[in-house]
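Biologist: I'd like to learn how to read a fold, feature by feature. Could you walk me through one, starting from a single residue and working outwards?

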Amino acid sequence: MQLFKSMLTAIALVSSLAAGSAFAADHTVTARGLAFQPLVINIAPGDTVYWENMATHNVHMMDGLIPEGTEAFVTPMSEPVTKTFDKEGIYIYQCDPHIGAGMGGAVIVGSPTNLDAIKSQDVSGGLGRVVDEAIEAAEAM
């Protein structure tokens with residue numbers, strides 16, 4: 001009887017894990033000229049974002065503009081990027097060679113848990129405009 005209960009528990013656990021991953025979605029951000037479209041994207045934890053058309057662009061997520069405890073990263077130039085986001089919060093990124101023209105974006109994963117931390121950053125210029133758009137989108141949620 002104990003073995004039967006253990007097997008049922010294991011089956012239920014595996015089923016719930018499989019069901020959680022079955023609902024993950026894929027999202028696309030396209031580099032067009034000197035802009036990422038969409039500029040701000042809302043996704044659920046476990047979803048994947050794919051950046052395409054990256055001919056002369058990269059994705060640079062920086063400390064202070066991503067949720068605490070996540071690792072900042074810089075992708076190689078001119079390569080498509082795929083990233084799965086598991087931790088809730090706002091992730092602000094920029095294209096390094098084109099941030100002066102405001103080329104950046106934001107991924108809001110689930111609830112914008114780090115909104116206050118993003119608001120407290122002193123960000124200006126092209127990246128400042130991206131941060132302002134991300135804050136506006138997060139506050140509208």
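Modeller: Sure. Keep in mind that this is a predicted model. Let's start with His57, which sits in the loop between β4 and β5 (60-61).

Biologist: Is His57 buried or exposed?

Modeller: The idea is to compare its relative accessible area with a cut-off: buried means under 20%. His57 comes out at 4%, so it counts as buried.

Biologist: What does the side chain of His57 pair up with through a polar contact?

Modeller: With the side chain of His98, at 3.1 Å. His98 is in a loop too, the one between β8 and β9. With a relative accessibility of 18%, His98 also falls in the buried class.

Biologist: And which residues surround these two, if I skip neighbours within four places in sequence?

Modeller: For His57 the contacts include Ala31, Gly33, Pro76, Ser78, Glu79 and Cys95, along with Leu34, His98 and Met103. His98 touches Leu34, Thr56, His57 and Met103. Leu34 and Met103 therefore turn up in both sets of contacts.

Biologist: Let's move on to strands. How should I think about a sheet?

Modeller: Strands of a sheet pair through backbone hydrogen bonds, and they can do it parallel or antiparallel. Here, five strands make an open sheet, ordered β3-β9-β8-β5-β6, with mixed pairing. The edges are β3 and β6 (73-74), each of which pairs on one side only.

Biologist: Where can I see the mix?

Modeller: Look at β9. Its pairing with β8 is antiparallel, with six bridges, while its pairing with β3 is parallel, over four bridges. Ala106 is a handy marker: in β9 it is the bridge partner of Ile92, and Val40 stands opposite it as well. Another pair to check is Gly89, opposite Val109 in β9.

Biologist: How many residues of β9 are buried?

Modeller: Six of its six residues. To read a strand face by face, remember that in a regular strand the side chains alternate between the two faces of the sheet. In β9, one side holds Gly104, Ala106 and Ile108, and the other holds Gly105, Val107 and Val109; both faces are covered.

Biologist: Which strands does α3 lie across?

Modeller: β3, β8 and β9, and the helix runs at about 155° to β8.

Biologist: What about the hydrophobic interior?

Modeller: In soluble globular proteins, nonpolar side chains tend to be buried together. In this model the largest nonpolar core has 20 residues, and those touching the most other members are Phe36, Trp51, Val59, Met61, Phe85, Tyr93 and Val107. Strands that each supply at least two residues of this core are β1 (26-32), β3 (40-43), β4 (48-52), β8 (89-94) and β9 (104-109). There's also a second, separate core of 15 residues, with Met62, Ile92, Ile99 and Val130 among them.

Biologist: Last one: how many salt bridges are there?

Modeller: The trick is to look for a side-chain nitrogen of Lys or Arg within 4 Å of a carboxyl oxygen of Asp or Glu. That gives one salt bridge. Glu139 forms it with Lys119, and the closest N and O atoms are 2.6 Å apart. The pair links distant parts of the chain, with Glu139 in helix α3 (residues 125-139) and Lys119 in helix α2 (residues 115-119), 20 residues apart.

Biologist: How accessible are Glu139 and Lys119?

Modeller: Glu139 is partly exposed at 47% relative accessible area, and Lys119 is partly exposed at 40%.

Notes: Residues numbered from 1 in each chain as written. Predicted model: local features only at pLDDT ≥ 70, side-chain atom pairs only at ≥ 80, totals over all residues. Heavy atoms only, no water. Buried < 20%, exposed > 50% of the residue type's maximum accessible area, 1.4 Å probe, protein only. Core = buried A, V, L, I, M, F, W, Y, C linked by side-chain atoms within 4.5 Å. Polar contact = N/O pair within 3.5 Å; in protein donor to acceptor, adjacent residues only side chain to side chain. Contact = heavy atoms within 4.5 Å. Pairing = 2+ DSSP bridges. Axes fitted to C-alpha atoms, helices over the stretch in contact; angles between N-to-C directions.
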